[in-house]
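Subject: Structure handover

Hello,

Here is the structure I promised to pass on. Please open it next to this email and follow along.

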Amino acid sequence: MKKGFIATIGAFALSMTVIGSGFSAIAAEKEKDILNVAHRGASGHAPEHTLTSYKMGEKMHGDYIEVDLQMTKDGELIAMHDETLDRTTNGTGLVKDYTLKEIKDLDAGSWFNEKYPEKANPEYNGLKVPTLEEVFQTFGKNANYYIETKSPAVYPGMEEKLSELVDKYRINKDMLLVQSFSSESLLKMSKIDPSIKLVQLMWYTSPAAISDAEIQAIKQYAVGIGPNSGMIDKEYVQKTVQNGLEIHPYTVNEKEEMQKLIEWGVTGIFTNFPDLLHEVKKGR
Ligand code: G3P
Ligand code: CA
């Protein structure tokens, strides 16, 4: 189900007031609105960051297509998680050292078949690395995109290019989220286009708490946060939501963990298995 994003904030904050004493009917209803973010597409089923994986994510009830961005030597934005080509293509070396034409010659699917023979599909062999433009052309202006500026310090001008493409393809900004671990990158985005909604990613290496000061600082520029799921607890989630921020933990691939996070009150989840999250949401 596609939905507006901001609209969920107020409604969810309202439902949170009744969560404390157990799972109420209102909360149970609202949890069906938890955003199902197809992480790198349905990347548990198909090679990540290919159009095939993104299409599968949509079919499997993902609400958002998650796109990580890297930039080529000639300044084109492509969908890829790593700064290097080695893991997800048959190329080697840094993305920034190759032109788009060179990257387009690579095979971005065969690695998946070799790594996951039980999920292999001959159609994945030879899949291409998509550009952000191709993603926009394929899914259109009204799809829900959740786009991450990766390694922004390596790619000066990445935010400007992203904004240019959002405008060129008239992407519906109600359905667009831009995320980054880099607050500098997000602040740059908000300067370039204050109408784009932003999510601050967090990476914790030990069990985490979030302070009032952090929440207030993030609220100055972002509508939500995305922490790694294993280091947060119920208090972290509820404090975040009660203070008016969305919270979308990543990357959650197990049913029990999805259920736990939903009970804590998260407003979205990044998963490689949007089909599983869909079932979990339906089953509650
Ligand atoms: O963007 C949320 C999550 O994807 C962050 O981690 O490394 O998978 O991009 P990563
Ligand atoms: Ca990401």
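Is V178 buried or exposed? The relative accessible area of V178 is 0%, so V178 is buried. Keep in mind that this is a predicted model.

**Around V178**

V178 sits in strand β5, which covers residues 176-180. Leaving out residues up to four places away in sequence, V178 touches I147, T149, L162, L186, M189, I196, K197, L198 and V199. Now look at E66. In sequence, E66 and V178 are 112 residues apart. In space, their C-alpha atoms are 9.7 Å apart.

**T149**

One of the residues that V178 touches is T149. T149 belongs to strand β4, residues 145-149. Why does T149 count as buried? Its relative accessibility is 1%, and buried means under 20%. The T149 side chain makes two kinds of link worth finding on screen. There is a polar contact with the side chain of S180, at 3.1 Å. There is also a polar contact with the side chain of S185, at 2.8 Å. Beyond residues up to four places away in sequence, T149 touches M158, L162, V178, Q179, S180 and S185.

**The core**

L162 appears in the contacts of T149 and in those of V178. With neighbours within four places in sequence set aside, L162 is in contact with L69, L77, L132, I147, T149, V178 and M189. The largest nonpolar core has 61 residues. Which of them touch the most other members? They are V67, L132, F136, Y145, I147, L162 and Y236. Another core, of nine residues, lies apart from this one. Among its residues are L35, Y64, Y146 and L177.

**The calcium ion**

Next, find ligand 2, a calcium ion. Which protein donors does the calcium ion have? They are E66 (OE), D68 (OD) and E148 (OE), at 2.1 to 2.3 Å from the ion. Along the chain, the donors follow the spacing E-x1-D-x79-E. E66 is in strand β2 (residues 64-71) and E148 is in strand β4. These two are 82 residues apart, so the pair links distant parts of the chain. Both E66 and E148 are buried. The site has six donor atoms, with angles of 59 to 157° among them, and is irregular.

**Ligand 1**

Which residues surround ligand 1? They are H39, R40, E66, D68, H81, E148, K150, Q179, F181, L201, Y250 and F270. Three side chains here deserve a click. An N or O atom in the R40 side chain is 2.8 Å from an oxygen atom of ligand 1. For E66, a polar side-chain atom lies 2.9 Å from a ligand 1 oxygen. For K150, the distance from a polar side-chain atom to a ligand 1 oxygen is 2.7 Å.

**Two positive phi values**

Most residues other than glycine have a negative phi. R40 has a positive phi, near 60°. R40 lies in the loop between β1 (35-38) and α3 (51-59). With a relative accessible area of 15%, R40 is buried. R170 also has a positive phi, of about 50°, and is not a glycine. R170 is in the loop between α7 (158-168) and β5. Is R170 buried or exposed? At 64% relative accessibility, R170 counts as exposed.

Best wishes

Key
Residues are numbered from 1 along each chain as its sequence is written. Chains are lettered from A and ligands numbered from 1 in the order in which they are written. This is a predicted model: local features need pLDDT of at least 70, side-chain atom pairs count only at pLDDT 80 or more; totals for chains, interfaces and linings use all residues. Side-chain values use heavy atoms; hydrogens and water are left out. Helices (H or I, at least four residues) and strands (E, at least two) are DSSP runs, numbered from the N terminus. Buried means under 20% relative accessible area, exposed over 50%, partly exposed in between (1.4 Å probe, protein chains only). A polar contact is a pair of N or O atoms within 3.5 Å; within protein, one must be able to donate a hydrogen and the other to accept it, and residues adjacent in sequence count only if both atoms are side-chain atoms. Contact means heavy atoms within 4.5 Å. Donors are N, O and S atoms within 2.8 Å of the metal (3.2 Å for Na, K and Ca); water is not among the atoms, so sites may look incomplete. Four donors count as tetrahedral if all angles lie between 85 and 135 degrees; four count as square planar and six as octahedral if opposite donors are over 155 degrees apart and all others between 65 and 115; anything else is irregular. A nonpolar core is a set of buried Ala, Val, Leu, Ile, Met, Phe, Trp, Tyr and Cys residues joined through side-chain atoms within 4.5 Å. A residue is near a molecule or strand if one of its heavy atoms lies within 4 Å of it.
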